[in-house]
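Reader: I am new to this structure and would like to learn how to read it step by step. Could you take me through it, giving the general idea each time before the case at hand?

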Amino acid sequence: KERYINNMIYNLKNNIESLFTKEEEYLLSIEQERINDYIENKKDKVYFGKINNYKVGIVFAENYRSVLGNYLAKYYKEKIDFIIIINIGRSVSYRTIKDVNVGEFAQIYGGAGHQKAAGSYFPDSFHEQLIKLLYKGIELENES
């Protein structure tokens, strides 16, 4: 990270037109292809529903949540008010391009944010409840 910042400062101070080397541009193009492939794969895995009088799309995703959320909110703009992105290991993100305040929606679920982007965390018991849902009758050793 520090090397990257120093290179950018050097390029800017020395009026070097291309901020990136050919290798960096190549790596950026590969990463953009990964993002595009990820989004393309996820757009067909959206569940649709209604919650608190909002039409929502729900998708499970671990990566690129901001860009994915913005893309899906635009792609399904005629069908949903906002997109809910669930990262099972971490949290939930909310994104919209409409005149909907997802920050207020997130507050209902213990989260925060602003009008177009917000998030919330799972309750402490979430992962335990998920395990019990998936594996009925399991006895967890670390139960309180």
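**Reading the sheet and its surroundings**

Author: Let us begin with a single bridge: G49 has V56 in β2 as its bridge partner. Before going on, please note that this is a predicted model, in which local features need pLDDT of at least 70, side-chain atom pairs count only at pLDDT 80 or more, and totals for chains, interfaces and linings use all residues. Residues are numbered from 1 along each chain as its sequence is written, and side-chain values use heavy atoms, with hydrogens and water left out.

Reader: In what sense do β1 and β2 pair, and over how many bridges?

Author: The general idea is that two strands pair if DSSP finds at least two bridges between them, where strands (E, at least two residues) and helices (H or I, at least four residues) are DSSP runs, numbered from the N terminus. Here β1 and β2 pair in the antiparallel sense over 5 bridges.

Reader: In what order do the 6 strands of the open sheet stand?

Author: The order is β1-β2-β3-β4-β6-β5, and the pairing in this open sheet of 6 strands is mixed. At the edges stand β1 and β5 (112–113), each with a single partner strand, so one side of each has no neighbour in the sheet.

Reader: Which strands pair with β4?

Author: Strand β3, residues 82–87, pairs with β4 in the antiparallel sense over 5 bridges, and I85 stands opposite S93 of β4. These two strands, β3 and β4, form a hairpin with 3 residues between them. Strand β6, residues 117–121, also pairs with β4 in the antiparallel sense over 5 bridges, and there V92 stands opposite S120.

Reader: Is strand β4 buried or exposed?

Author: Buried means under 20% relative accessible area, exposed means over 50%, and partly exposed lies in between, using a 1.4 Å probe and protein chains only. In strand β4, residues 91–95, 5 of the 5 residues are buried, so the strand is largely enclosed by the rest of the structure. Both of its faces are covered, for S91, S93 and R95 on one side of β4 are buried, as are V92 and Y94 on the other.

Reader: What should I look for in the sign of phi, and where is N52 found?

Author: Most residues other than glycine have a negative phi. A positive value is found at N52, where phi is near 50 degrees; N52 lies in the loop between β1 (47–51) and β2 (54–60) and is partly exposed, with a relative accessible area of 37%. Y64 likewise has a positive phi, near 50 degrees, and its place is in the loop between β2 and α3 (65–75). Just after α1, N15 takes a positive phi of about 50 degrees.

Reader: How many aromatic pairs does the structure hold?

Author: Rings of Phe, Tyr and Trp (its six-membered ring) pair if their centres lie within 6.5 Å, and planes under 30 degrees apart count as stacked, over 60 as edge-to-face and the rest as tilted. The structure holds 12 aromatic pairs. In one of them, Y38 and Y64 have ring centres 5.5 Å apart and planes at 70 degrees, so the pair is edge-to-face. This pair links distant parts of the chain, since Y38 lies in helix α2 (residues 22–42) and Y64 in the loop between β2 and α3, 26 residues apart. Y38 counts as buried at 15% relative accessibility, whereas Y64 counts as partly exposed at 26%. Y75 and Y76 also form an edge-to-face pair, 4.8 Å centre to centre with 85 degrees between the planes. Of these two, Y75 is partly exposed at 41% relative accessibility, while Y76 is buried at 14%.

Reader: Which residues form one aromatic cluster?

Author: The cluster is formed by Y54, F82, Y94, F105 and Y109. Of these, Y94 has already appeared among the buried residues of β4.

Reader: How far apart are the C-alpha atoms of I88 and E17?

Author: They are separated by 43 Å, and the two residues are 71 residues apart along the chain. I88 is found in the loop between β3 and β4, and at 30% relative accessibility I88 counts as partly exposed.
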